[in-house]
Amino acid sequence: MDNVIIGKIRCQSSEKGNLYFLEFIKDLTFDVKRLYFINSVNAGNARGFHAHKSLEQVLICVSGRIQINLDNGFMQKVIILDSSNNYLFIGPMIWRTMKWLVDDSVLVVLASENYDESDYIRDYDKFLRTVANEKNSI
Ligand code: TYD
């Protein structure tokens with residue numbers, strides 16, 4: 001699926017614990033303008049249910065296990081993020097839901113732009129119409 005990349009977070013493990021790192025430019029292609037994280041979600045609950053017109057994001061589950069459902073309007077993909085060592089890049093025009101599989105999993109998100117409600121598409125039918133129109137205009 002275009003606009004979706006699963007990457008490895010490098011890790012330094014020792015008897016003192018695990019240290020994970022991602023380097024910008026080397027690992028990621030956008031400049032980070034914003035970081036947010038979500039915690040205190042009970043297993044079974046889901047968030048998201050939107051797409052972004054232009055925002056690029058990297059999602060990292062730093063603790064626990066979270067299921068990410070992705071949809072570009074034509075196909076769907078399910079990705080499990082866990083606290084081992086993967087990250088998920090999501091580019092523009094991907095409808096996403098994030099479902100907590102384990103209580104208190106923590107999702108950290110790095111974003112290419114500051115918060116802007118006008119960049120969101122929160123209506124699934126509008127999302128489908130928008131991606132269909134974009135495809136027709138190519
Ligand atoms: P939203 O992105 O809709 O979160 P989710 O899809 O996980 O439910 O954000 C929920 C609310 O939080 C949104 O209405 C506004 C606020 N918010 C900010 O003010 N700044 C931010 O960076 C984010 C991500 C959300």
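In this predicted model, Tyr-36 has Val-109 of strand 11 as its bridge partner. That pairing belongs to a longer contact between strands, since strand 4, residues 34-38, and strand 11 are joined in the antiparallel sense over five bridges. Strand 11 is also joined to strand 6, again in an antiparallel arrangement, through six bridges, and there Leu-59 is the residue that stands opposite Val-109.

The two pairings of strand 11 can be set out as follows.

| Partner of strand 11 | Sense | Bridges | Residue opposite Val-109 |
|---|---|---|---|
| Strand 4 | antiparallel | five bridges | Tyr-36 |
| Strand 6 | antiparallel | six bridges | Leu-59 |

Strand 11 itself is mostly covered, with six of its six residues counted as buried. In a regular strand, side chains alternate between the two faces of the sheet. Here Val-106, Val-108 and Leu-110 point one way, while Leu-107, Val-109 and Ala-111 point the other way, and all of them are buried.

The largest nonpolar core of the model comprises 17 residues, and those that touch the most other members are Leu-59, Ile-68, Leu-70, Leu-81, Leu-88 and Leu-107. Two or more residues each come from strand 6 (57-63), strand 7 (65-71), strand 8 (76-82), strand 9 (86-90), strand 10 (95-100) and strand 11 (106-111), and strand 7 gives the most, with three residues. Leaving aside residues up to four places away in sequence, Leu-59 touches Ile-68, Leu-81, Tyr-87, Leu-88, Ile-90, Met-98, Leu-107, Val-108 and Val-109. Apart from this core lies another, made of nine residues that include Val-58, Tyr-87, Phe-89 and Leu-110.

Turning to the whole protein chain, there are twelve strands and one helix, and reading along the sequence gives the pattern β-β-β-β-β-β-β-β-β-β-β-β-α. The radius of gyration is 15 Å, close to the 14 Å that the globule rule gives for 138 residues, so the protein chain is as compact as a globular protein of that length. Along the principal axes, its C-alpha atoms fill a box of roughly 55 × 35 × 25 Å.

Of the 138 residues, 38% count as buried, and the protein chain exposes about 8000 Å², of which carbon and sulfur atoms supply 49%. Among contacts with a separation of 6 or more, 76% are accounted for by residues 24 or more positions apart.

Key. Residues numbered from 1 in each chain as written. Predicted model: local features only at pLDDT ≥ 70, side-chain atom pairs only at ≥ 80, totals over all residues. Heavy atoms only, no water. Core = buried A, V, L, I, M, F, W, Y, C linked by side-chain atoms within 4.5 Å. Buried < 20%, exposed > 50% of the residue type's maximum accessible area, 1.4 Å probe, protein only. Helix = DSSP H or I, 4+ residues; strand = E, 2+ residues; numbered from the N terminus. Contact = heavy atoms within 4.5 Å. Pairing = 2+ DSSP bridges. Rg over C-alpha atoms; globule rule 2.2 N^0.38 Å. Areas by Shrake-Rupley, 256 points an atom, 1.4 Å probe, with all protein chains shown as cover.
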